Amino acid sequence: MEEYMEREDIIKKLESDLESIKTKNDLQTIKASYLGKNGIVTNLSLKMKEIPNEEKKEYGKFLNLIKEEVTTKLNDKEQELDKMLLDMKLNNEKIDITLPSRRSLKGSIHPMTRIVEELEDLFVSMGYDVISGPEIDTDMNSFTKLNLPEGHPARDAQDTFYLDKDYLLRPHTSPAQVRTMEANKDKTPLRIVCPGKVYRRDDDATHSHQFMQFEGLVIGEDISLADLKGTLELFAKKLLGEKTNVRFRPSYFPFTEPSCEVDVTCFKCGGKGCSLCKQTGWIEVLGAGVVHPNVLRMSGYDPEKYTGFAFGPGIDRFAMFKYGITDIRQIYTNDIRFLEQFDRKDVD
Amino acid sequence: MKLSTKFLKDYVDVPVDYQELADRMTSIGNEYDSASPLIPATDLVIGEVLECKPHPDSDHLHVTLVDIGTEKLQIVCGAPNVKEGIKVIVAKPGAVLPEVTIKKSVIRGVESNGMLCALFELGLDKKYLHEEDINGICILGKDAKVGDDPIKYLGLDDEVIDFELTSNRGDLLSILGMAYEVGAIYGNPVKEMDTTFKEEGEDINKSFKVKVNTKDCTLFLAKSVKDVVIKESPNFIKERLIASGIRPINNVVDISNYVMLETGQPLHFYDADTLGGELEVRNAKEGEKLTTLDKNERVLSDDIVISSHGKAIGLAGVMGGLDTEITNNTKNIIIESAIFNNVKIRMTSKKILRSEASNRFEKGIDPNRTYLAIERCCNLLEKYADAKIQTGLVIFDQENKDDKEIEITFDKINKVLGLEVPHEEVIKIFKNLQFEVKENKDTLKVKVPSRRIDISIKEDLIEEVGRFYGLENIVGKLPTVPLKPGKFNKTLREIKHKMANLGLNECLSYALIRESEFPYFQTDVKEMVKVLDPMTEDHAVMRYSLLSSLMNIYTYNKSRGINDIHIFEMGNGFYKENNEYKEEMKLAALLSGEYKLGFETIKFNFYDIKGILEDLLDFLGFKDRYTLEVTDLPKELHPYQSASIILNGKNIGIIGKINPAFNKDDIYVMEISVSKLLENRVKGITVSEISKYPTILKDVAFILDKDIVASNVLKEIKRLGGKLLKDIQIFDYYVGDKIDSNKKSLAFKLTFNDMNRTLTDDEVMEIFDKIIKGIESKFKAQVRDK
């Protein structure tokens, strides 16, 4: 009985020893005072040799029990201490997560690039090739081969920047039509769009002498005005929203016959009538039509076999509408405070 | 083209009001700019001045009592010509005039209940009015009935639709043309024009000759008219001219304008007594002189002229000469009705004067109208100028006046329009246009009268069907075409997006710049591309370098207090070489100011712009293929903080700091030729195997002379390290107190590895020592801190 009493005392003492400690060093000291040289438990083990043989088995059991108990208590304490220390460390590492972050420099993509890319994606998805023509082109490609012979009254409306008698800054992206048709030696069907800068001698609040156009041309068998309308409906809905409608009005362009002015539902009032659309509910956005047989013929296509449609909107105002830009000059002024607002993706 | 609806109704019935007509015309392709009554004023009434007394408190105002039928109004009037007993135009209180709304008021203590009006106050342009109508109120005739509408009384009850016609519709520059167009809308016939007159005297051909010695005149008619009496035109002519925007002058001049408006054929009247017995049509001699109606002496070149006795007396189709013009003393007239080459007329009128006549010649004339106009003119001169029309007509005529016959199928019409227009509808449209149609199964033979100069091929006829049937009936669909993938240049797009991802804002600026900016950022200045007729000095030549644009953007923003600027632009640079115009795709970037990294504020320096260049080129697959070399620097760049960018031995661009002599701010720029860059092929990504064996890292720092450039040291280390040295990074650069002032320290981290085995320390140390010894001896370097 005596030895059991002693065991309980040891545990009690251990418990009271452990209670007050705060560091791992203290724990080590206590651990040594039980399990180390001269430790209480170690000393008990040394007593084994004094124990009579018949009691040795019993005493061994007692020793194992107490060692186990002491070790468990010490380990528990160690874990408790570890946790406490970790908590302290974490607590010390507390930061203010609301302070400013470390970010890389932010850039942006210009609104006109965005409109061009959006339109390119739409037309590429329908199998159109994106063509880029030169900005300096010939009078021949820009006018004559588009059925505007020299002296044609419609040439006046173009107000072109000439470089010499043969070369000019393209006043529209239409020379790309001519170039593509001529380059296509087999005279097979075509589907192209050509975005790019164009230049006209024109500068006021709503016109700038340089702007972006987005030419489209389809040549094939039995291409009709209905095909043109469906295509432009897609175009308009993509840029101006699903509720946008398209209206054709007959007009005249030398390169198309029949020709039409294309109106879209007023993007300011949604068609109800406002100051922008002069109460009509419609806004004129582009000219289009069925490619004139002379244009096809001059570029080597047989107008008896093929028909086509072409359209050529200036797209600056689409950017103005989409992004709420009120003055066209902002597009070309490059005020950083304007550009910086285009630092995120568009809504799909 | 200002269309008077009254004038129009002389020739066709219009079943709708002017506003509806304007809208319907727009729907068939004839847009209008404005549509309004000729006199846009309300609440006007004819009144009689019963009393007229001086205003007690004014030296020029009068107090009148005016009877307007329903009541008598006291009205204060300031006009000098107001007096008792006259009939006047009264604007009642509430009347809205173009400039003013009339209210009851008190003028210098006297009540005034309306206004007595002058014609210009009703919205009639002063240019149409006589002096007395401008200086005073309008005094109506004695027959004017008190209480009636004064506008109706004056015959000014007209409406004007101002059309913006497309350039192919020259035929609509005439009342007749408009009548056919409007008639086609409503299925109404065009009324016949009165062209009857009596002839007398000897045939003109016996005494008068016309010689046409130019191919620029294809039809020339001359008619003789005698004993005209010059006076004021009848009201209906004056009113129709005013509504059409033409100032009435006298009956003879007015009739020539009136007939031009009706028929679209400009006419010219010569005072016959100033001419000899013949006229010649020819091209002017270079430098030939002519004094035109407006008393200006014109120096001519190849313009078409009418000449008499070898001397130019008129600029054909544009303006007559002073010497032969109609005056108040003119008695005898030669009428010219002709067709001149439209391109020539356009050229001359651009130089001299755009007129109603030249505009019509430019757009083209129906040769049948050339004859019609002469006849109509004789009719009116006989009636309103007491003229004696002389027998015969001088004719030079090379024009084809026949109808054009065009064959077309119903199928073709519907295929092009994408519509199913019923056959009878197609036929009705042509019939309403007064085109003769013959139907043969699926084919139509359409006879198009010469007045429709815009129609010559079947597509033109398809357009007519589309216009009148209504393009709004087309239902959109997508083309039925074979499937194929669409192509676009993805690389150019990715370059822009990479630049934006690297933190730069994309700009879009004008390609036309100042001539003085052209040479900037060029070493061998290219030949510039200039526009012939620039709008402003600011936009006179095409840029070659985009950097001048970016510098302007920098200055613009800086002047608005924005100092941190990181921008780029991609676009073409233009130049001329061997007489050919060249375009080159370029990419330019500019950094200035500072950026924030958390709490750290970092000033941009050369290594930021270099980093952007390298990130871009590496991204495009050019890693390790380019170098920076301090050669060929333009003077706009700092000579010791700039370089040329060399790829495969070719200079593709520049990078560096702006020379303080050019701009004293710290600005860093780069520009590369994307065209030249993309001429180089890039291989696709193929993965290299990853070593399974451990790598060994060694660090070493060298103290070197300041002038030794890091890339040379790197190159040497790489050579010495052989194939086991996989990577070298410069991880520290130091100049300062701890070393000599003419020295710098560069620290390298070397990575050793082999694909097939674990390297031993000994073999790595052997290479490492070899590198150290090699660098020490080649560059007179010392290992630092060893």
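Biologist: What percentage of the 786 residues of chain B count as buried?
Modeller: This is a predicted model, in which local features need pLDDT of at least 70, side-chain atom pairs count only at pLDDT 80 or more, and totals for chains, interfaces and linings use all residues. Residues are numbered from 1 along each chain as its sequence is written, while chains are lettered from A and ligands numbered from 1, in the order in which they are written. A residue is buried if 20 or more other C-beta atoms, placed from the backbone, lie within 10 Å of its own, exposed if 12 or fewer, and partly exposed in between. For the 786 residues of chain B, the buried share is 41%.

Biologist: What radius of gyration does chain B have?
Modeller: The radius of gyration is taken over C-alpha atoms, and the globule rule is 2.2 Å times the number of residues to the power 0.38. A compact globule of 786 residues would have a value near 28 Å. The C-alpha atoms of chain B fill a box of roughly 130 × 80 × 60 Å along the principal axes. The radius of gyration of chain B is 42 Å.

Biologist: How many residues of chain B are in contact with chain A?
Modeller: Two residues are in contact if their C-beta atoms, placed from the backbone, lie within 7 Å. On the other side of this interface, chain A contributes 74 residues. The number from chain B is 73.

Biologist: Which strands stand at the edges of the open sheet in chain B?
Modeller: Strands are DSSP runs of E with at least two residues, helices are runs of H or I with at least four, both numbered from the N terminus, and two strands pair if DSSP finds at least two bridges between them. Seven strands of chain B, with mixed pairing, form the order β27-β31-β32-β38-β37-β36-β35. Each edge strand has a single partner, so one side of each is left without a neighbour in the sheet; these strands are β27 (505–506) and β35 (626–629) of chain B.

Biologist: Which residue in β31(B) is the bridge partner of Asn505(B)?
Modeller: Two bridges join β27(B) to β31 (residues 565–577) of chain B, and these strands run parallel. The partner of Asn505(B) in β31(B) is Ile567(B).

Biologist: At what angle to β31(B) does helix α16 of chain B run?
Modeller: Axes are lines fitted to C-alpha atoms, for helices over the stretch in contact, and angles run from 0 to 180 degrees between N-to-C directions. Helix α16 (residues 547–558) of chain B lies across β31, β32 (580–592) and β38 (667–673) of chain B. Its angle to β31(B) is about 145 degrees.
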